[in-house]
Amino acid sequence: EPAAALVAAAREALVNASKFAGPEPIALYAEVTDDRVEVFVRDRGPGFAVDDVPNDRRGVRDSIVGRMERHGGRATVHSTPGYGTEVELVIEP
């Protein structure tokens, strides 16, 4: 279940990047070890202020961060207006 949640959260991050990054490149990087799985979704789009996302916008909050937390993982969104976005997903089984 945690691995499926990580894949679903990564899919949501990719969908968001494809919607908002415009023509800028989108990258997915994954690293798997015996005790940790990490996935990074990065884009060089316009970025956004994470703290300014309205509460009624649930894509990042529920489909990415909440999903990871419900399955024992974590998600961190790093974004700065004008510099793109990186979503970091981590599961430690």
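# Reading salt bridges, a patch and a pocket

Tutor: Let's start with one pair: Glu-86 forms a salt bridge with Arg-42, and their closest N and O atoms are 2.3 Å apart. Glu-86 sits in strand β4 and Arg-42 in strand β2, so this pair ties together parts that are 44 residues apart in sequence. Keep in mind that you're looking at a predicted model.

Student: What lets two side chains pair up like that?

Tutor: In general, side chains of opposite charge can pair when their charged atoms come close. The cut-off used here is a side-chain nitrogen of Lys or Arg within 4 Å of a carboxyl oxygen of Asp or Glu. Glu-86 and Arg-42 pass that test with their 2.3 Å.

Student: Is Arg-42 buried, partly exposed or exposed?

Tutor: To read that, look at the relative accessible area: under 20% is buried, over 50% is exposed, and partly exposed is in between. Arg-42 has 30% relative accessibility, so it counts as partly exposed.

Student: How many salt bridges does a search of the whole structure find?

Tutor: The search turns up 4. Another of them joins the side chains of Glu-92 and Arg-36, at 2.6 Å from N to O. Arg-36 belongs to strand β2 (residues 36–43) while Glu-92 is in the segment after β4 (85–91), so here parts 56 residues apart in sequence are tied together. Arg-36 has a relative accessible area of 23%, which means it is partly exposed.

Student: Which residues are linked with Arg-36 in a network of salt bridges?

Tutor: Glu-38 and Glu-92 are linked with Arg-36 in that network.

Student: Which residue does Arg-74 meet in a salt bridge?

Tutor: Arg-74 meets Glu-88, side chain to side chain, with 3.5 Å from N to O. Arg-74 lies in strand β3 (residues 74–79) and Glu-88 in strand β4, so the bridge ties together parts that are 14 residues apart in sequence. The partners also give you a nice exercise in reading accessibility. Arg-74 is partly exposed at 36%, whereas Glu-88, at 13%, counts as buried.

Student: Let's leave charges aside. Which residues form a nonpolar patch on the surface?

Tutor: The idea is to look for nonpolar side chains that sit together and still have accessible area. Here the patch is made of Leu-14, Ile-26 and Leu-28, with about 230 Å² of accessible area together. Leu-14 is part of helix α1 (residues 2–20), and its 32% relative accessibility makes it partly exposed.

Student: How much space lies in the largest pocket?

Tutor: About 480 Å³. To picture where that is, find the residues that line it: there are 24, and those closest to the centre are Asn-16, Phe-20, Phe-48, Arg-57 and Val-60. The elements giving two or more residues to the lining are α1, β2, α2 (59–70) and β4. Helix α1 supplies the largest share, 6 residues.

Student: What classes of residue make up the lining of that pocket?

Tutor: Sort the lining by class and you get 14 nonpolar, 4 polar and 6 charged residues.

Student: How far apart in space are Thr-85 and Phe-48?

Tutor: For this, compare separation along the chain with separation in space. Thr-85 and Phe-48 are 37 residues apart along the chain, yet their C-alpha atoms are separated by 7.5 Å. Thr-85 is in strand β4, and at 9% relative accessibility it counts as buried.

Student: Where is Val-50 placed, and how far is Val-50 from His-78 in space?

Tutor: Val-50 is in the loop between β2 and α2, and a relative accessible area of 31% makes it partly exposed. From C-alpha to C-alpha, Val-50 and His-78 are 7.6 Å apart, with their positions 28 residues apart in sequence.

Student: And what about Gly-22: where is it found?

Tutor: Gly-22 is in the loop between α1 and β1 (26–33). Its 46% relative accessibility puts it among the partly exposed residues. Gly-22 and Asp-43 are 21 residues apart along the chain, and their C-alpha atoms are separated by 9.4 Å.

Note on methods: Residues numbered from 1 in each chain as written. Predicted model: local features only at pLDDT ≥ 70, side-chain atom pairs only at ≥ 80, totals over all residues. Heavy atoms only, no water. Helix = DSSP H or I, 4+ residues; strand = E, 2+ residues; numbered from the N terminus. Buried < 20%, exposed > 50% of the residue type's maximum accessible area, 1.4 Å probe, protein only. Patch = residues over 30% accessible without salt bridge, like charges linked within 9 Å, V, L, I, M, F, W, Y side chains within 5 Å. Areas by Shrake-Rupley, 256 points an atom, 1.4 Å probe, with all protein chains shown as cover. 1 Å grid on protein atoms, 1.4 Å probe; cavity = no way out; pocket = protein on both sides within 12 Å on 5 of 7 lines; lining within 4 Å. Points joined across faces, edges and corners; volume = space filled by probe spheres on them. Nonpolar A, V, L, I, M, F, W, Y, C, P; charged D, E, K, R; others polar.
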